[in-house]
Amino acid sequence: MPRYEFRCRACGDTFEVNRPMVESSSPATCPQGHDDTVKLLSTVAVTGRGGGAAAPAPAGGGGCCGGACGC
């Protein structure tokens, strides 16, 4: 279940709420009982399982024609 981070505008407390995605935009009450809260934008880092470096890009550039035009 997704975890959403909120901040209370009344007391400044930051807190997390676990709820289904369909309820992501529903208001949340802070632990102190205040209703004036705002949902914060959170970032997520996603990494692969291999632990190694990513595969090198093929030589030749790529671009619109696979590198033949030098783009």
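**Exercise 1. Val38**

Task: In this predicted model, state which element Val38 lies in, and decide whether Val38 is buried, partly exposed or exposed.

Solution.
Step 1. Val38 belongs to strand 3.
Step 2. The relative accessible area of Val38 is 29%. Buried would need a value under 20%, and exposed a value over 50%.
Step 3. Val38 is therefore partly exposed.

**Exercise 2. Surroundings of Val38**

Task: Find which residues Val38 touches, not counting residues up to four places away in sequence, and give the C-alpha separation of Val38 and Thr14.

Solution.
Step 1. With those sequence neighbours set aside, Val38 touches Glu5, Phe6, Arg7 and Arg9.
Step 2. Strand 1 covers residues 3-8 and includes Phe6.
Step 3. Thr14 stands 24 residues from Val38 in sequence, and their C-alpha atoms are 9.6 Å apart.

**Exercise 3. Phe6**

Task: Classify Phe6 as buried or exposed, then list what Phe6 touches beyond four places in sequence.

Solution.
Step 1. Phe6 has a relative accessibility of 3%. The limit for buried is under 20%, so Phe6 counts as buried.
Step 2. Not counting residues up to four places away, Phe6 touches Asp13, Thr14, Phe15, Val17, Arg19, Ser26, Ala28, Thr37, Val38, Lys39 and Leu40.
Step 3. One of these, Val17, is eleven residues from Phe6 along the chain, with a C-alpha separation of 7.6 Å.

**Exercise 4. Ser24**

Task: Locate Ser24 relative to the strands, and decide whether Ser24 is buried or exposed.

Solution.
Step 1. Ser24 sits in the loop that runs between strand 2 (14-18) and strand 3 (37-39).
Step 2. Its relative accessibility is 18%. Since buried means under 20%, Ser24 counts as buried.
Step 3. Apart from neighbours within four places in sequence, the contacts of Ser24 are Tyr4, Arg19 and Lys39. Arg19 and Lys39 are also among the residues that Phe6 touches.

**Exercise 5. The whole chain**

Task: Work out how many helices and strands the protein has, what share of its residues is buried, and how its contacts and surface are made up.

Solution.
Step 1. There are zero helices and three strands, and the order from the N terminus is β-β-β.
Step 2. Of the 71 residues, 15% are buried.
Step 3. Take the contacts between residues at least 6 apart in sequence: 28% of them join residues at least 24 apart.
Step 4. The exposed surface is about 5,600 Å², and carbon and sulfur atoms supply 53% of that area.

Definitions and conventions. Residues are numbered from 1 along each chain as its sequence is written. This is a predicted model: local features need pLDDT of at least 70, side-chain atom pairs count only at pLDDT 80 or more; totals for chains, interfaces and linings use all residues. Side-chain values use heavy atoms; hydrogens and water are left out. Helices (H or I, at least four residues) and strands (E, at least two) are DSSP runs, numbered from the N terminus. Buried means under 20% relative accessible area, exposed over 50%, partly exposed in between (1.4 Å probe, protein chains only). Contact means heavy atoms within 4.5 Å. Accessible areas come from the Shrake-Rupley method with a 1.4 Å probe; for residues, only the protein chains shown count as cover.
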